[in-house]
Amino acid sequence: MKIGTPKEIFEGENRVAMTPESALQLQKLGYDCAIEAGAGAAAGYSDAAYQGAGVEVIKTATALFKACDVIAKVRPPSEAEAKRLGKGQTLISFFYPSANEKLMELAKSKGANVIAMDMVPRISRAQKMDALSSMANIAGYRAVIEAGSNFGRFFTGQVTAAGKVPPAKVLVVGAGVAGLAAIGTATSLGAITYAFDVRPEVAEQIESMGAEFVFLEFDASELPDGAATGGYAAPSSPAFQEKQLAKFRELAPDIDIVITTALIPNRAAPILWTADMVEAMKPGSVIVDLAAERGGNCELTVADEKIVTKNGVTIVGYTDFPSRMAAQASTLYGNNIRHMMSDLTPEKDGTVNHNMEDDVIRGATVTYQGEITFPPPPPKIQAIAAQPAKPAARQLTPEEKRTAELEAFRAATRSQVGLLVAGGVLMLLIGAYAPASFMQHFIVFALACFIGFQVIWGVSHALHTPLMAITNAISGIIVVGALLQIGSPSWLVVILSFVAVLIASINIVGGFLVTRRMLAMFQKS
């Protein structure tokens, strides 16, 4: 079978769904590869580069659609492109089926099988095909670059002979893939970065990247469970939204750059940065709205435009951030397509096996064999549900604390007295019936155990791990017992004693060597 990639006809789209590198990998799966002439030029890939990778260059899109069994695109097909599809032909591209019902019907009427890269379920096995995450990663990075180019000041703070430059303060709303990419970029540029997300569990990820998590006081029941939406964001309650907006109003006057990334599947983007927040920001501040294509998170965003408000705030509403880094975006998207084809070709024989029992393939399939298969059933492997918050432990009063401590002391005393009494009775019974020679050895053994345990266990764990302390104490007891028996008249006892001393000594020396190595890990070279 042959897989082909036409030139993107959407205005301003510079990406391409197949790169020379991904074509080589597709050929290893048994496919022949073809591309429309000039399809990769805007991303920096010449026709000669494709030919060097063994890809057939076809002059027109019409000829390519006729020659290929699988069509790989970036943008959803236009009506004219969809009409070129044939029965049994497979189309792989972004499709956005919930917003393109007419396009679905057209693909169904043509008998084409459509796989939407934006519908790949968010489960662990499908991460390599998650094109939304690949493009969001690029968008988050590019958003910070766009913000920097419009900001007019340094991100990092500086102290120079000419004066002191304060660092920029950046707020990232949403800590998904795009948000984390923006956080990492802003932090690496030296900005003071704050981040907010409706999921408190991402606070550790945010802080590990050098940003500060913006906390809200709220009831856990006010938050939705993302597992119900396949791991994507879900709408929050009105009460939570009010608290969220109040927090943003508090932060707005002090923030220099705001990057918003909040999107909910199949819904308009939620308004998170209102007009009064924009008015409260300082002149020269920048807002980059990554949700502009769905209406925007900022109330004043204009899609595909950059505007400047009356108070001097720049609002960037571009919807083509991945396309502005076409070479990188094409590489990642080409890899997503290649991994999808790998799942569609388990035998690596160049033939598509459209297995509708596979969670990933079924979840991404929009039309199949003349039928619309959207929406897909929930995947068998669900996204991990948020764990309900455990109720906070009740604080004890001083009287209750004293009562609890006294009861714990009494219980420990009873336990110790009981053990001492039981041990004393046991010793009396052994002493009454055991021979004198046995008692001499038994007393030495008991003292060795008690003294060895007390001495070794008292060593600080910073200098000696608890496990090593216990094993060395036991080995010390073995050495003492073996030395007492090594002068025995029986040759068998002497051999066993020698072996015991040898093995126990190796264990003790090895224990201290291991401890020394562990301590060396925390020392500066």
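**Notebook: sheet, helix α11 and a nonpolar patch**

I looked up β5 (residues 90-93) and β6 (residues 113-116) and found that 4 bridges join these strands, which run parallel; strands here are DSSP runs of E of at least two residues, helices are runs of H or I of at least four, and both are numbered from the N terminus. Within this pair, Ser93 has Ala116 of β6 as its bridge partner.

I note that the model is predicted, that local features need pLDDT of at least 70 and side-chain atom pairs pLDDT 80 or more, while totals for chains, interfaces and linings use all residues. Residues are numbered from 1 along each chain as its sequence is written, and side-chain values use heavy atoms, with hydrogens and water left out.

I then traced the open sheet of 8 strands, whose order is β3-β2-β1-β4-β5-β6-β16-β17 with mixed pairing, where two strands pair if DSSP finds at least two bridges between them. At the edges I found β3 (56-58) and β17 (371-372), each pairing on one side only.

I checked Trp491, which lies in helix α16 (residues 491-520), and it counts as exposed because its relative accessibility is 63%, the classes being buried under 20%, exposed over 50% and partly exposed in between (1.4 Å probe, protein chains only).

For the whole protein, I recorded 16 helices and 17 strands, with 41% of the 525 residues counted as buried.
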